[in-house]
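Welcome, and thanks for taking a look at this one with us. Please have the sequence and the 3D view open side by side as you read.

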Amino acid sequence: MATLYFVDGYHGGIDGHMPVGSWQDILDALERMPEWTVSLDVEPESYEWLKRNDFEVYCRLSDFVASPEGQKRMEFLNGCYGQPFCWAIDGESVIRQMVRGIAIIKRHFPTATVDTYSVQEPCFTSQLPQIIKKLGFERMSLKNSTCWGGYMAKMPGSIVRLHSPDGTWMPSVVRYECEELYDCCATDASGYDRKNIRTIADRCEALGIDAPNGMTYQDLGWLCQPMVEGFPVEFLTYRQYFEKFGHLLKGDVDFHQEDVLCALPWGTIELSETLGAVRALEYSLAATEKLILAASPVSPVTEDIRRRLERAWDDTMSAQHHDAYICARSERWGEHVRVKTGEAGKLLSEIRSDILAAASENDFVRRAGEDEVYVRVYNTVATPGKGIASVRLGLPRGWADADVFNSRGEKVKSYAAGAMYRKFGYDEDGNLLSGDPVPKHRRYPDGTEEAIDLVFEADIPGIGYSTYRVAKLEAKKPCEFEPMAELCENGVAVRSDRWEVFFDAEKGGAITKLRDITTGVDYAAEGPQGYIRGFFPEKGEMLDTLSNRADLRVFENTPFTFGMWMKTEINGHKLNTTVRMTADDPRIVFETSADFTQNPECVGDPEVPPEGAPINYRRRSGYNEEPKLAAVFSVSGGEKRVFKAAPYDVCESRLGDGTSFIDWGEIRHNILNDYIDVCAEETGKGLGLWCDRVTGYSVHGDKVTLTMGFGGHVGFFWGDYKLSGMPTLGYAIYPHGGDTFEACTAEVFARGVEPITVTRLAGVPRTWDSTALSVENRAVKATGAIYGDEGWQIRLFNASPEDAGLGLKSDIPGFGGEKCDLWGKPTGEKAQTACKFEIMTLR
């Protein structure tokens with residue numbers, strides 16, 4: 001019988017599971033069994049808890065780690081602060097998880113080395129080889145012993161060169177071609193299957209795989225003993241395994257995001273709320289860091305700001321814990337996420353407020369007069385351009401209107417909405433709503449405005465700011481530009497710089513005209529866009545909103561901005577949608593909520609397990625996205641190419657329209673993380689679809705769905721489930737020609753999630769314009785800004801399969817645009833070009 005080389009150890013921690021006494025048991029077991037080794041996939045904050053609550057055992061652990069024996073028999077893995085599903089968070093969070101966690105491990109155990117990536121859960125993503133290489137890692141494993149949430153695809157070979165999309169490779173142990181799934185929770189190399197673990201070494205040997213490897217990281221707190229025994233097995237850490245068998249490295253494998261075969265019950269309301277809260281923080285953290293950078297010339301970064309930002313990151317990373325996702329229905333994890341995201345959100349809001357206030361107070365020459373106001377526009381997207389800025393201003397007596405001037409004294413396009421505005425549209429019975437004026441702000445007795453909503457076209461300088469003077473007008477000026485929307489028969493027509501759009505009240509508010517003004521292409525010519533549908537098992541049919549009339553009410557209509565409420569229903573459940581457009585923005589933005597509070601019911605695939613089926617029954621209706629409650633869009637034109645964003649990656653899907661599955665053993669990567677882009681080969685039409693949270697999607701024929709809600713059979717921890725509460729989804733569409741890279745879809749959606757910030761200044765500014773950092777190439781995104789003891793580090797990502805010249809400009813004192821690793825250590829190379837899909841850190 002062949003020998004199995006087994007990596008044993010523990011996972012968990014103070015957030016997951018770490019009963020008192022568990023570390024004492026581990027150390028005792030290591031003394032009893034000198035042949036055993038222990039690898040640790042443990043939340044780093046757990047060591048701080050151990051130090052405070054069991055100091056004697058903490059000291060014993062510390063001594064063991066520092067000893068020659070401990071360095072041989074115990075290995076710290078990954079260092080991730082919150083053990084996230086890396087495929088379900090954003091790319092910058094993946095980096096911060098490891099940077100923060102490893103720093104904590106090193107604080108407690110200075111002699112420890114963290115240079116192996118190996119996980120108990122399927123916490124993988126395609127750019128890991130590049131990320132961990134830049135953190136100094138030397139090896140990784142693509143095995144995961146717990147597979148409730150998914151598993152890796154089988155790969156040929158044993159130890160391979162695993163390439164991330166940029167070309168960086170890392171020596172990696174793969175999930176073997178003979179490594180089968182066990183039950184619905186593991187692979188048979190984990191040891192959970194006591195029978196098959198005895199044969200896997202022989203099966204590997206038959207395939208020509210030398211030194212077959214198995215692994216498992218037991219729950220911290222389980223009985224301290226080896227996971228496997230009773231057959232030829234040698235225990236070792238992955239560091240030892242690679243030292244012993246690294247010479248077997250052979251073959252190259254390109255790591256594709258769809259090799260990460262993971263699935264969660266997308267659309268269940270607890271999971272959806274968790275994903276939405278976490279994603280909002282991920283966006284906010286990136287924007288806040290770059291706002292601090294943009295304002296830094298006039299608002300220096302204090303130690304207090306750095307400390308609060310670190311706490312916000314810690315709370316966010318804790319909320320990203322994989323158990324918060326896979327156990328989202330449990331009250332314990334639901335409360336954990338609510339507390340952590342609430343605290344992080346509050347901290348970030350306070351940081352932004354303090355930064356902007358300090359910038360205003362530190363940077364003015366004198367108070368403004370009563371006939372002028374100064375406003376500052378901050379941008380956090382690295383590529384320069386133009387944008388629509390809006391701000392509400394309280395005014396002294398005498399203002400009837402306003403003009404806006406830039407730093408060069410040039411008047412810019414603007415519109416000021418005063419005390420009255422007109423709301424119009426159709427109600428659900430088709431009756432025309434009155435266009436009578438509606439009060440919005442107060443007026444002084446002389447009829448002048450106490451406040452205005454000012455909208456104007458602003459120059460965007462990359463990451464930085466530009467300042468504008470708002471000048472008093474004593475009389476209302478004639479409107480120079482037509483408002484975007486007008487009421488038509490049975491709907492509302494909207495015209496922007498890019499689109500002519502018709503929202504059809506007779507078809508539930510769906511878009512029945514979506515014409516590109518520049519090309520004449522109508523993206524709704526073959527069918528309506530943006531309706532809601534779902535399969536209702538009690539009715540036994542797929543229902544949608546196209547057969548229901550919608551109540552359309554325009555609440556914002558300026559030459560630059562448009563907003564509308566749509567109300568309709570599906571199977572008796574009220575649906576409320578807010579639609580927004582901006583004149584210069586090629587996106588159309590939606591947020592839809594459905595009311596299932598009074599009548600919870602199943603929506604989705606009607607399949608239920610046969611009577612008496614075990615908890616580990618593999619077929620689960622929660623995996624089938626197509627029949628769930630979803631927003632539906634169309635892309636006509638034959639064969640489709642589907643591009644999908646992933647953490648620091650944009651890959652072309654290998655699934656085509658084969659996104660559907662229902663069996664845990666046949667998982668397909670139908671996950672929308674940020675956006676997908678569906679492009680038709682014959683017609684050249686493309687449709688980018690963004691969501692405000694990770695969710696599922698389906699592509700079937702010409703139809704694309706974004707999962708909003710689900711009720712049905714979920715299995716294992718979830719059981720049978722009815723959709724209840726108020727499922728909500730924010731989403732946006734970007735119709736375009738060409739493929740996703742030609743259309744710069746990544747940049748378009750990046751601008752959408754980081755809108756410009758406008759603030760009123762205390763007086764006449766000392767500085768008018770500042771560019772902290774700008775990048776000319778639209779494929780390159782700035783994704784993070786870290787201020788440390790040695791100054792700024794800026795993270796960039798080239799979201800393109802082609803090398804990209806940067807065209808870098810910066811006013812940051814001491815910033816030289818020099819490349820460094822993810823720890824901030826300089827490489828000595830100046831940044832001129834970003835390689836395909838390169839993650840680049842500059843200082």
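The notes below cover two sheets, a helix pair, a cavity and a pocket in this predicted model.

## A five-stranded sheet and its helix

Let's begin with an open sheet of 5 strands, which run in the order β52-β53-β58-β55-β56 with antiparallel pairing. At its edges you will find β52 (780–788) and β56 (826–830), each of which pairs on one side only. From one strand to the next, the twist averages 35 degrees.

Edge strand β52 is joined to β53 (residues 791–798) through 8 bridges in the antiparallel sense. If you would like a landmark for this pairing, try tyrosine 787, whose bridge partner in β53 is tryptophan 792. Helix α9 (residues 269–295) packs on the sheet and touches both β52 and β53. The direction of α9 makes about 65 degrees with that of β52.

## The largest cavity

How many cavities of 30 Å³ or more does a search of the whole structure find? There are 7, and the largest has a volume of about 470 Å³. This cavity is lined by 34 residues, and the ones closest to its centre are Asp90, Tyr283, Asp674, Lys781 and Thr783.

Strand β52 and helix α9 appear again here: each supplies at least two residues of the lining, as do α5 (91–108), β38 (640–646), β39 (649–652) and α13 (745–753). Sorted by class, the lining of the largest cavity holds 19 nonpolar, 5 polar and 10 charged residues.

## The second largest pocket

Next comes an open space: the second largest pocket, with about 850 Å³. Its lining counts 31 residues, and those nearest the centre are Val99, Glu310, Ile786, Tyr787 and Gly788. Tyr787 is the residue bridged to tryptophan 792 in β53.

Which elements give two or more residues to the lining of this pocket? They are α5, α9, α10 (303–319), β52 and β53. Helix α10 gives the most, with 9 residues. By class, the lining of the second largest pocket has 15 nonpolar, 4 polar and 12 charged residues.

## Two helices that cross

Now turn to helix α2 (residues 45–53) and helix α3 (residues 55–66). Their axes come within 5 Å and cross at roughly 130 degrees. That crossing angle makes α2 oblique to α3, because it lies neither in the 65 to 115 range for roughly perpendicular nor over 145, where roughly antiparallel begins.

To see the contact itself, display Tyr47, Leu50, Lys51 and Asn53 from α2, which meet Phe55, Val57, Tyr58 and Leu61 from α3. Together, the residues of this contact divide into 6 nonpolar, 1 polar and 1 charged.

## A three-stranded sheet

Our last stop is an open sheet of 3 strands in the order β17-β24-β20, with antiparallel pairing. Strands β17 (385–394) and β20 (414–417) each have a single partner strand, so one side of each is left without a neighbour in the sheet. Ignoring direction, neighbouring strands of this sheet are turned by 20 degrees against each other on average.

The pairing of β20 with β24 (residues 451–460) is antiparallel and spans 4 bridges. Where can you spot it? Look for serine 414, which stands opposite phenylalanine 456 in β24.

Definitions and conventions
Residues are numbered from 1 along each chain as its sequence is written. This is a predicted model: local features need pLDDT of at least 70, side-chain atom pairs count only at pLDDT 80 or more; totals for chains, interfaces and linings use all residues. Side-chain values use heavy atoms; hydrogens and water are left out. Two strands pair if DSSP finds at least two bridges between them. Axes are lines fitted to C-alpha atoms, for helices over the stretch in contact, and angles run from 0 to 180 degrees between N-to-C directions. Contact means heavy atoms within 4.5 Å. Angles under 35 degrees count as roughly parallel, over 145 as roughly antiparallel, 65 to 115 as roughly perpendicular and the rest as oblique. Ala, Val, Leu, Ile, Met, Phe, Trp, Tyr, Cys and Pro count as nonpolar, Asp, Glu, Lys and Arg as charged, and the others, Gly among them, as polar. On a 1 Å grid over the protein atoms alone, a cavity is a set of points where a 1.4 Å probe fits but cannot get out, and a pocket is an open set with protein on both sides within 12 Å along at least five of seven lines; lining residues have an atom within 4 Å of a point. Grid points are joined across faces, edges and corners, and a volume is the space filled by probe spheres set on the points.
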